[in-house]
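Let us walk through this structure step by step, from the order of its elements to one sheet and one helix.

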Amino acid sequence: MHAYVLHSRPYKETSALLDVFTEQGRQRVVLRGARRSKGHKVQLFSLYAIEWAGRSELKTLTQFDNLEFTPPLIGERLFCGFYLNELLTRLLPEHDAYPVLFELYQVALFALREQQPIEPILRQFEWQLIVQLGYGYSLTEDSDQQPLQAEQYYQLQPDVGFCASYPHQQHYLGADILCLSEADWEKQHTLRVAKRLMRQTLAFHLKGQPIISREFFTRPL
């Protein structure tokens, strides 16, 4: 099967414990001999062909072949890759298949390598991650399934959606939410609203725990 390594850490004397993302979902596996001088070198953001075996929940890799030899991500784009990997590692339940999300991750990595604008890449992936995990909410209707009104303000409750409210700096104007539904990532204002919305939504589902990879950036994601 095809897989990406999301995270790697030392395991016992010479092995590594990997979180891998496949079409079948996220799985934690052991790569034996990874820390030996002639062992497998783990490269993030590269596509691997893998197989695993074992009777326990923690499987051992029996195949680990790099299928891509693309230029590595560098600078801010490398930090973006770390950010995507952290979101997947912390939010994806183990063993549940997300084939669409796997493809979206590949698209995001390709866009980062192709020097496409960073903000649209991140905002689109964040939203699609939320939707694929079943945490999405309507961008055209409020929590009572009434159409959003452009001049009305709404408060976001990430578990139910937008609730009609009053003007407040922490609330969202209906017109801004409706712009997000059109996914027009060329507009800077849309990107700013999307960033605030995604930060609030992700914080809710991460139970307020900080995203460590954000510390790499000189400006917040």
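Read from start to end, the protein chain runs β-β-β-β-β-α-α-α-β-β-β-α-α, which comes to five helices and eight strands; here helices (H or I, at least four residues) and strands (E, at least two) are DSSP runs, numbered from the N terminus. The model is a predicted one, in which local features need pLDDT of at least 70 and side-chain atom pairs count only at pLDDT 80 or more, while totals for chains, interfaces and linings use all residues. Residues are numbered from 1 along each chain as its sequence is written, and side-chain values use heavy atoms, with hydrogens and water left out.

As a whole, the C-alpha trace of the protein chain spans about 65 × 35 × 25 Å along its principal axes. Of the 221 residues in the chain, 44% are buried, a term that stands for under 20% relative accessible area, with exposed meaning over 50% and partly exposed lying in between (1.4 Å probe, protein chains only). Taking a contact as heavy atoms within 4.5 Å, 55% of the contacts between residues at least 6 apart in sequence join residues at least 24 apart.

Turning to the sheet, three strands form an open one in the order β7-β6-β8, with antiparallel pairing. Because β7 (161–164) and β8 (172–173) stand at the edges with a single partner strand each, one side of each is left without a neighbour in the sheet. Two strands are said to pair if DSSP finds at least two bridges between them. Strand β6 (residues 153–157) is joined to β8 by two bridges, and Tyr 154 has Tyr 172 in β8 as its bridge partner. On the other side of the pairing scheme, β6 and β7 are linked over four bridges, again in the antiparallel sense, and Gln 157 has Gly 161 of β7 as its bridge partner. These two strands, β6 and β7, form a hairpin with three residues between them.

Among the helices, α2 (residues 99–113) has 15 residues, which at 1.5 Å a residue should span 21 Å, and the 22 Å between its end C-alpha atoms agrees with this; the expected span is 1.5 Å times one less than the number of residues. Buried residues in α2 are Leu 101, Phe 102, Tyr 105, Ala 108, Leu 109, Ala 111 and Leu 112. Their cover includes β1 (2–11), β2 (15–22), α1 (75–91) and α3 (118–132). After α2 comes Gln 115, with a positive phi near 65 degrees.
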